[in-house]
Amino acid sequence: MIKTINLHSILLSVVLFCCATAQAQFQPLIKMAKERNVMTFKLEKNNGYIQRIVINESDMDYVMRYKGDNRFFSIRPGKNIIEQFPANSQEAKGKFQQHENILFYPGREVKESKVGKVVYALPVKDGSTIKCKAAKDKVIVNREDSLRVPCVHFQLNEGDSIYAVRTGTVCFITYDRLKSFYVYHNDGSFELYHDLESNLKVGQHIKAGDYVGTKLGQKPFKMFFFYFDQETLKTTKLPYKTFSPLFRTSNGDIRIEDNHELHAVIDDKLKRQEK
């Protein structure tokens, strides 16, 4: 299971970014790389070489890079050989022993074409009708820069039940006035369920169509869908690219691009597309 993190134990320097609307923050997701029992660094000698090793003790994938370096390294669960140097090289230690120079991003590189083919359920019961629309919400990059990124607004009444849109694992939960939680998928993508009442726990596995919480307040229920992307990081300084997924409806699979009133379909084919 994904480990619960002590957020007060700061080990690694990470890149943070947050959504300014209603104080919804993406940044807690990235704090998962800050605990020593999640990432361990080692230098090992092997066949005349010194290898830089990162041991990832969580079930999450990460992307790692050094500050000022445009190379990216995939960190899968377990032991990862990052790079190796001749045994007499002094370069092997370098930045690798200076943890403040190492950046981590939860997730992994994925192809947009692959993510775009995955079909999501609407966040309501099978057969229910829901109004929704494509929107763009403001994201703060730093003190000087901000962007507007795609999300989906679902029109739900206060007290309405909310259901999982896709099978995955809860990887982080924020505890502000309302809860927001993040779900990680086996293809490296995430979604953020924004501001609801929920009893979910970090590490809990949920399936498409499972009850996940209750709508609070009068504002639309928001969801963000995103994945790590090198090019987005280089051009916008945000580590993640947001996208609008396909949703299964009675009229087929639809990508929400405007205002819609849709009838939810949660069939066996949708449930079986991932375990």
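**Exercise 1. Are Tyr120 and Phe225 buried or exposed, and how do their rings sit?**

Keep in mind that this is a predicted model. Start with burial: Tyr120 is buried, and Phe225 is too.

Next, the geometry. A pair of aromatic rings is described by the distance of the centres and the angle of the planes. By the pairing rule, the count for this structure comes to 21 aromatic pairs. Tyr120 and Phe225 form one of them, with 5.3 Å from centre to centre and 80 degrees between the planes. Since edge-to-face takes an angle over 60 degrees, this pair is edge-to-face.

Now place the partners along the chain. Tyr120 sits in strand S8 (residues 119–120) and Phe225 in strand S17 (residues 221–228), so the pair links distant parts of the chain, 105 residues apart.

Last step: look at the company they keep. Ring pairs link Tyr120 and Phe225 into a cluster with Phe154, Phe181, Tyr193, Phe221, Tyr227, Phe243 and Phe247.

**Exercise 2. Work out the ring pair of Phe228 and Tyr240 in the same way.**

Begin with burial again: Phe228 and Tyr240 are both buried. Their ring centres are 6.2 Å apart and the planes make 85 degrees, an edge-to-face pair. Phe228 belongs to strand S17, while Tyr240 belongs to strand S18 (residues 240–242), and 12 residues separate the two.

**Exercise 3. Describe the surroundings of Thr232.**

First, find the element: Thr232 is in helix H3 (residues 230–236). Then check its exposure. Thr232 has a relative accessible area of 14%; buried means under 20%, so Thr232 counts as buried.

Now the contacts. The side chain of Thr232 makes a polar contact with the side chain of Asp229, at 2.6 Å. Leaving out residues up to four places away in sequence, Thr232 touches Lys237, Leu238, Tyr240 and Lys241. Tyr240 is the ring partner of Phe228 from the previous exercise.

**Exercise 4. Take the sheet that holds S8 and identify its edges.**

Write down the order: this open sheet has three strands, S8-S19-S20, and the pairing is mixed. S8 and strand S20 (252–255) each have a single partner strand, so one side of each is left without a neighbour in the sheet, and these two are the edges.

Zoom in on one pairing. S8 and strand S19 (residues 246–249) run parallel and are joined by two bridges. Here Tyr120 turns up again, standing opposite Phe247 in S19. Both residues also belong to the ring cluster of the opening exercise.

**Exercise 5. Do the same for the sheet that holds S4.**

The order is S5-S4-S7, an open sheet of three strands with antiparallel pairing. Strand S5 (73–75) and strand S7 (102–106) are the edge strands, as each pairs on one side only. From one strand to the next, the twist averages 30 degrees.

For detail, follow strand S4 (residues 62–66): three bridges join S4 and S5 in the antiparallel sense. Val63 stands opposite Ser74 in S5.

**Exercise 6. Step back and summarise the chain.**

Count the elements: there are four helices and 21 strands. Turn to burial, where 53% of the 275 residues are buried. The accessible surface comes to about 13500 Å², and carbon and sulfur atoms account for 45% of that surface.

Finish with sequence separation. Of the contacts between residues at least 6 apart in sequence, 65% join residues at least 24 apart. Tyr120 and Phe225, at 105 residues apart, are a ring pair that links distant parts of the chain.

Technical notes
Residues are numbered from 1 along each chain as its sequence is written. This is a predicted model: local features need pLDDT of at least 70, side-chain atom pairs count only at pLDDT 80 or more; totals for chains, interfaces and linings use all residues. Side-chain values use heavy atoms; hydrogens and water are left out. Rings of Phe, Tyr and Trp (its six-membered ring) pair if their centres lie within 6.5 Å; planes under 30 degrees apart count as stacked, over 60 as edge-to-face and the rest as tilted. Buried means under 20% relative accessible area, exposed over 50%, partly exposed in between (1.4 Å probe, protein chains only). Two strands pair if DSSP finds at least two bridges between them. Axes are lines fitted to C-alpha atoms, for helices over the stretch in contact, and angles run from 0 to 180 degrees between N-to-C directions. Contact means heavy atoms within 4.5 Å. Accessible areas come from the Shrake-Rupley method with a 1.4 Å probe; for residues, only the protein chains shown count as cover. A polar contact is a pair of N or O atoms within 3.5 Å; within protein, one must be able to donate a hydrogen and the other to accept it, and residues adjacent in sequence count only if both atoms are side-chain atoms.
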